[in-house]
Amino acid sequence: SSGINAEYGGASWVEEYQAVERTGDSIMGQITERNRLLSAGGDALKITAEIRVAQNNFNFDLNALQRELKKDKDAKNISPKEYERRTNMLNEAKIRREQLTRAFEEGTKSAFRGGVVNRAYEESEHTQGYSNSELIQQHQAAIVEQDQGLSRISEIVKRQKQIGLAMGDELNGQNELLEEIQEKTDATNSRITRQTKGIRHITTREGNLCGYWITIFLLFVAIIGVIVWKIA
C-alpha cells in the first residue's frame, strides 16, 4: 500500500494482515502453554513476559493496519467494495484480540481460584511461613509489577517503531525528490540534445556556404588569370 508500503517497507496491506493473523495464532498457542504451566504449578513467568510483548506488538500492528486502510480509502487507492472487505477482516482480527485477552485472563483467574502457586515461589526462603492466600497475593503483586515493566518495554518498542516509520516516510520523501530531479534532468538533457543538433545543422550549412564562396573566388581568380595571360 503506498500507505501500508510506507509503514511496512513495501509489503501489501493483505500480506501484513496475514502476518498479523499468524501472530495471533502464535500468541494463542503460547497462552495455551502458559495456562497449562499455571494449572500444573509450573514457572510461567518467562512465557507470560513473552506473551505480553507479543500482544503489544499484535495491537500495534493491528492499529497500523487500521490507519493505513483509512489512508487508502481517503486517497481512493481502493474501491468501496475492497474497503468494506478489509474492514470486515480487521473486525475479525479485533475479535481475535479479545479472545486472546480473555484466554490470558481466564488462565490467570483459574490458577488463582484453584490455589495454584508457583512451586519454586512456595519454596523460596522469603515466602516460608506465609499462608496459601498470602502467597497468591504475592504472586499477583509480582504479576502486576511484571506487567508494569512490560508496559515500559512496550512503550520503548512503540517509540522505536515510530522512529522507524518516520525514517521510512523521510526516505520515501527523499525518493520522490530524487525522482523529480531525475525527471527534470532528463528533460534538460533532451533540450540540450535538440539544441546541439540545431547548432550542428546551422554549422554545417554555414560550412557549405563558405565552401561555395571559396570555389567562386578561385574560379574568379582563374578567369582573371586567363584574361591577363591572353592579353600579355
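## A salt bridge across the chain

Let's start with one residue: R96 is partly exposed, because its relative accessible area is 25% (partly exposed lies between buried, under 20%, and exposed, over 50%, with a 1.4 Å probe and protein chains only). This is a predicted model, in which local features need pLDDT of at least 70 and side-chain atom pairs count only at pLDDT 80 or more, while totals for chains, interfaces and linings use all residues. Residues are numbered from 1 along each chain as its sequence is written, and side-chain values use heavy atoms, leaving out hydrogens and water.

What does the side chain of R96 meet in a salt bridge? The partner is D25, with N and O 2.9 Å apart (a salt bridge is a side-chain nitrogen of Lys or Arg within 4 Å of a carboxyl oxygen of Asp or Glu). This pair links distant parts of the chain, since R96 belongs to helix α4 (residues 80-113) and D25 to helix α2, 71 residues apart. D25 also counts as partly exposed, because its relative accessibility is 47%.

## A network around R86

The whole structure holds 7 salt bridges. Some of them join up: D72, E82, R85 and R86 are linked in a network of salt bridges. Within it, D72 and R86 meet through their side chains at 3.9 Å, N to O. That contact ties together distant parts of the chain, with D72 in helix α3 (residues 45-74), R86 in helix α4, and their positions 14 residues apart.

Are these two residues buried or exposed? D72 counts as buried because its relative accessibility is 3%, and R86 is buried too, with a relative accessible area of 12%. R86 has another bridge, to E82, where the closest N and O atoms are 2.7 Å apart. R86 and E82 sit in helix α4, 4 residues apart, about one turn of the helix, and E82 is buried as well as R86.

## Aromatic rings

How many aromatic pairs does the structure hold? There is 1. The rings of W13 and Y17 have centres 5.8 Å apart and planes at 5°, so the pair is stacked (rings of Phe, Tyr and Trp, its six-membered ring, pair if centres lie within 6.5 Å; planes under 30 degrees apart are stacked, over 60 edge-to-face, and the rest tilted). W13 and Y17 both lie in helix α2 (residues 13-39), 4 residues apart, or about one turn of the helix. Both W13 and Y17 are buried.

Another ring has a charge for company: R34 lies over the face of F104, 3.9 Å from the ring centre (NZ of Lys or CZ of Arg must be within 6 Å of the centre and within 35 degrees of the ring normal).

## The whole chain

Now for the overall picture. The chain has 6 helices and 0 strands (helices are DSSP runs of H or I with at least four residues, strands E runs with at least two, numbered from the N terminus). Of its 232 residues, 26% are buried. Among contacts between residues at least 6 apart in sequence, 70% join residues at least 24 apart (contact means heavy atoms within 4.5 Å).

The accessible surface comes to about 16000 Å², with 56% belonging to carbon and sulfur atoms (areas use the Shrake-Rupley method with a 1.4 Å probe; for residues, only the protein chains shown count as cover).

## A nonpolar patch

One nonpolar surface patch covers about 990 Å², and its residues include I214, F217, F220 and I227 (patches take residues with over 30% relative accessible area and no salt bridge, joining like charges within 9 Å and nonpolar side chains, Val, Leu, Ile, Met, Phe, Trp and Tyr, within 5 Å). I227 lies in helix α6 (residues 132-231) and is partly exposed, with a relative accessible area of 42%.
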